[in-house]
Amino acid sequence: MRALIFLALIFSIYLAEPRIAVFCFHSIPEKVGDDPYALNQQRFLEFLDFLDKEKVVLIAPGESCKPFMKCAQLSFDDGYENHLDFVIPELVSRGKGAFFFWTGEFLTEHEGKIQKVWNQDLMTLGAHGWSDESLMGEDRETLKDMFDKSDLLIEKVSGEVALHFAYPRGERDDTLIEVVRKNYQYEYLVNASYSFPWRFWRERDRLLVFGNHKEEIWREYLSGIALWESPWSWIAIVLFGFLIALFRIREHARNS
Ligand SMILES: [Zn+2]
C-alpha cells in the first residue's frame, strides 16, 4: 500500500513537471508572398502580444520553467535574412530568448552578419543539417561528416557547442536518430503532439506556426503544457487522493 502511494506521488510529481511549449517559425518577412510557412511581421508581433495576454513566460533556451508557470520557447528554422534584420533585434529589445536552427548553408553565407547581431545570453544556436533537405536514407558517415561540419560553424558563430538538433522537415529514420543522439542532447520535431505520458524528455515537439493560424490553435497547444490544464493531471490527483483515503480507512479499521 505504501509503495502504491509512493508510486502515485511520483506520478503526480511527473505530471507536475512543467512542460515547455516550443513554437516553430520560418521566414518572418514584412509581406508574405507565396511561402505557406511564412508569417508576416505584423502577425508575429501579434503572436508575441498573444503570449503576453495568455501570461505565458517566454524563457530563454537553457532557462528552466518553474512549476505552475506557463512557459514557451520560440524557435526559428532554416535561416532567413529577416531573422537577422527583424526577429533578433525585436526579441532582444523585449529581452526574450529564442532558438535558431539554421542550416550550415545559411551559417556559411551569413557568418559575419550573424556575429554582429548575436546575443549569447538570449539566443541559442542549434543544428539543422546542411541545407534543410530531408536526411532520411542517408548513411552514418555522411550524416556524421555533415554534423561535424555544421557543429564547427555553430561553435564559431555562437561561441557555444551545439546541443540541440531540429530534424529537417521533421523527418527521421533509425540511422538518423542514432547519429543525432550521439551528437546532440535534445531533438526537436514538428509534431506538436504533447502525448501523454511516455514522452521522452530528450525529444521536444514543436508547433509549426502558420500565418493563417487562429489564436485558438495557439491556445489549444499551450493548454497541453500546464499541470492544471491537463485532464490527466486531475485524474492522477484524484487517484492519489483516493489512495490516501483508502490507506487511512484501512489503517483505521486495523486499529479499531
Ligand atoms: Zn527546415
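**Close-up 1. Cys 24 of strand S1 meets Leu 208 of strand S9.** In this predicted model, Cys 24 has Leu 208 as its bridge partner in S9. The pair belongs to a parallel pairing of S1 with S9 (residues 206–208), made over three bridges.

**Close-up 2. Val 22 of strand S1 meets Gln 73 of strand S3.** Here we turn to another partner of S1. Val 22 finds its bridge partner in Gln 73 of S3. S1 and S3 run parallel and are joined by six bridges.

**Close-up 3. Strand S1 and its surroundings.** S1 spans residues 20–25, and five of its six residues are buried. The strand is therefore largely enclosed by the rest of the structure. Its parallel partners include S3, with six bridges, and S9, with three.

**Close-up 4. Asp 78 in strand S3, with a positive phi.** If you like to check backbone torsions, pause here: Asp 78 is not a glycine, yet its phi is positive, near 75 degrees. Asp 78 is found in S3, which covers residues 70–78. Asp 78 counts as buried because 21 C-beta neighbours lie inside 10 Å, and the cut-off for buried is 20 or more.

**Close-up 5. Lys 55 in a loop, also with a positive phi.** The phi of Lys 55 is about 55 degrees, again positive in a residue that is not a glycine. Lys 55 sits in the loop that links helix H2 (41–53) to strand S2 (56–58). With 8 C-beta neighbours inside 10 Å, Lys 55 counts as exposed, since the cut-off for exposed is 12 or fewer. Seen side by side, Asp 78 is buried, whereas Lys 55 is exposed.

Note on methods: Residues are numbered from 1 along each chain as its sequence is written. This is a predicted model: local features need pLDDT of at least 70, side-chain atom pairs count only at pLDDT 80 or more; totals for chains, interfaces and linings use all residues. Helices (H or I, at least four residues) and strands (E, at least two) are DSSP runs, numbered from the N terminus. Two strands pair if DSSP finds at least two bridges between them.
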